[in-house]
Amino acid sequence: MTLKVGVIGTGMIGQDHIRRLTQVLSGVQVTGVTDIDLERAASAAPAGADVFDTPQALIRSDKVDAVVICSWGPAHEEQLLDCIQVGKPVFCEKPLVTSTEAALRVMEAEVAFGRRLVQVGFMRRFDADYRRLKAVIDGGTLGLPLMYKSVHRNASVPAGLYTSDMPLNDTLVHDADISRWLLGDEIAGVEVRLPRKSRQGGELRDPHIVLLHMASGVIVDVEISVNIAYGYDIRGEASCERGIAALPNRPATVITDARGIRQAIPEDWRERFIEAYDQEFREWIVAAGQGTATGPSTWDGYAATLVADAALRAVASGQLEEIAMRDKPALYAAPVQQAA
Ligand code: NAP
């Protein structure tokens, strides 16, 4: 059976996901698209796809079995709730939503529906390097994890559009989610430290050091630098009782020229995580075809939102900000949603 998919939001990542759904993956067809800018939607629409005037029309259409949300964060809640109301599986790019209250509303709707429908776009869980790292940690040969170091560096971010809060409420969500998943643990508190400000980003507050205090006592330190100029550089290293397990340096082209011998660095997330995005959608297509979702859940999106809120509070207070999660509904019973 071919899964008929509608894509909401045809900006940067929307176009990249349309490419993978039409040119890379099988068992799926993009049958509808929409965007606030309908001309942009029309130019991104693959052959045979309808351009819908509104997200609501796309979600309700018989031509759409499942939905991919790639609009900006503040629009996600309404679009998610519409998908849940009609019982259609939905892949939603991170962040799930932009406030804890909104996350709770989405969770309440999905729980009332009675079946998982939502998968959040935390693609790192599908990356082969991260999966191998998790296997080593879970295998236990190094003993218990004690500390985890997460490095998140972007070459640059769009000036003016990317604000000083976004390292914490837009970028950190990836590091928070991967820490929960790798360590099988929830985040109980957050501290933020502000080092010397980089001159690369003008007024932008950058970089950040974030300390995530896990419920088990593990401490995760996250470096977020979003204007580091040299490329997109993602690192991770777990310090355990009897050894260290780390992500490898990504194999890259070796360049030899008058400046010497060096390895090229990925330009951005599209290049670094290209296989992870493909795998994330492979698994989504299988679950959505069965009318459900299996990857990162609404619970995981809620957890990331709590961390973002606590991190922003921590900047203001300079203190450790604690996180209180609500009881986990049975629908999200796995300790922290396991990857397939
Ligand atoms: P983008 O280039 O700005 O694209 C977003 C698109 O959605 C734009 O065309 C925007 O139109 C449109 N849009 C906004 N509100 C809408 C609404 N209510 N209904 C329909 N369309 C709407 O942004 P992007 O970089 O693709 O990011 C989109 C989402 O993906 C964000 O949530 C972002 O955090 C996430 N993302 C995830 C990753 C990842 O690694 N998983 C990477 C990049 C982005 P206008 O431009 O006219 O507002």
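1. Ligand and S71. In this predicted model, a polar backbone atom of S71 lies 3.5 Å from an oxygen atom of the ligand. The protein covers 78% of the 900 Å² of accessible area that the ligand has on its own.

2. Contacts to ligand nitrogen. Two further pairs involve nitrogen on the ligand side. A polar side-chain atom of E93 is 2.9 Å from a nitrogen atom of the ligand. For G121 the contact comes from the backbone: an N or O atom there is 3.5 Å from a nitrogen atom of the ligand.

3. The shell as a whole. How many residues surround the ligand? There are 25, and the closest are I13, D35, R40, E93 and Y277. E93 is thus named among the closest residues and also supplies the side-chain atom at 2.9 Å. Sorted by class, the shell consists of twelve nonpolar, eight polar and five charged residues.

4. Where the shell comes from. Three helices, α1 (12–24), α4 (76–86) and α7 (166–183), each contribute at least two residues to the shell around the ligand. Both domains take part: domain 1 (3–123 + 276–297) and domain 2 (125–272 + 302–322) each provide at least three residues of this shell. Each domain is assigned as two separate stretches of the chain, as the bounds just given show.

5. Overall build. The protein chain contains ten helices and 15 strands. Its radius of gyration is 20 Å, close to the 20 Å that the globule rule gives for 340 residues, so the chain is as compact as a globular protein of that length. The C-alpha trace spans about 55 × 55 × 40 Å along the principal axes of the chain.

6. The parallel sheet. An open sheet is formed by six strands with parallel pairing, in the order β3-β2-β1-β4-β5-β6. Which strands lie at the edges? They are β3 (50–51) and β6 (118–120), each of which pairs on one side only. At the β6 end, β5 (residues 90–92) pairs with β6 in the parallel sense over three bridges. Within that pairing, F91 has Q119 in β6 as its bridge partner.

7. The hairpin. Strands β13 (residues 254–257) and β14 (residues 260–263) run antiparallel and are joined by four bridges. The two strands form a hairpin, with two residues between them. D257 stands opposite G260 in β14.

8. Cis peptide bonds. The bond from K94 to P95 is cis, with omega near -10°. P95 is in the loop between β5 and α5 (100–113). A second cis peptide bond runs from D206 to P207, with omega near 5°. P207 belongs to the loop between β8 (187–193) and β9 (208–214).

9. A positive phi. Which residue other than glycine has a positive phi, near 75°? The residue is A229, and its place is in the loop between β10 (219–225) and β11 (233–240).

10. Points to look at in the model. For the ligand, a reader may begin with the contacts of S71, E93 and G121. For the backbone, the places to view are the cis bonds at P95 and P207, together with A229 and its positive phi.

Note on methods
Residues are numbered from 1 along each chain as its sequence is written. This is a predicted model: local features need pLDDT of at least 70, side-chain atom pairs count only at pLDDT 80 or more; totals for chains, interfaces and linings use all residues. Side-chain values use heavy atoms; hydrogens and water are left out. A residue is near a molecule or strand if one of its heavy atoms lies within 4 Å of it. A polar contact is a pair of N or O atoms within 3.5 Å; within protein, one must be able to donate a hydrogen and the other to accept it, and residues adjacent in sequence count only if both atoms are side-chain atoms. Accessible areas come from the Shrake-Rupley method with a 1.4 Å probe; for residues, only the protein chains shown count as cover. Ala, Val, Leu, Ile, Met, Phe, Trp, Tyr, Cys and Pro count as nonpolar, Asp, Glu, Lys and Arg as charged, and the others, Gly among them, as polar. Domain bounds come from an automatic or database domain assignment. Two strands pair if DSSP finds at least two bridges between them. The radius of gyration is taken over C-alpha atoms; the globule rule is 2.2 Å times the number of residues to the power 0.38.
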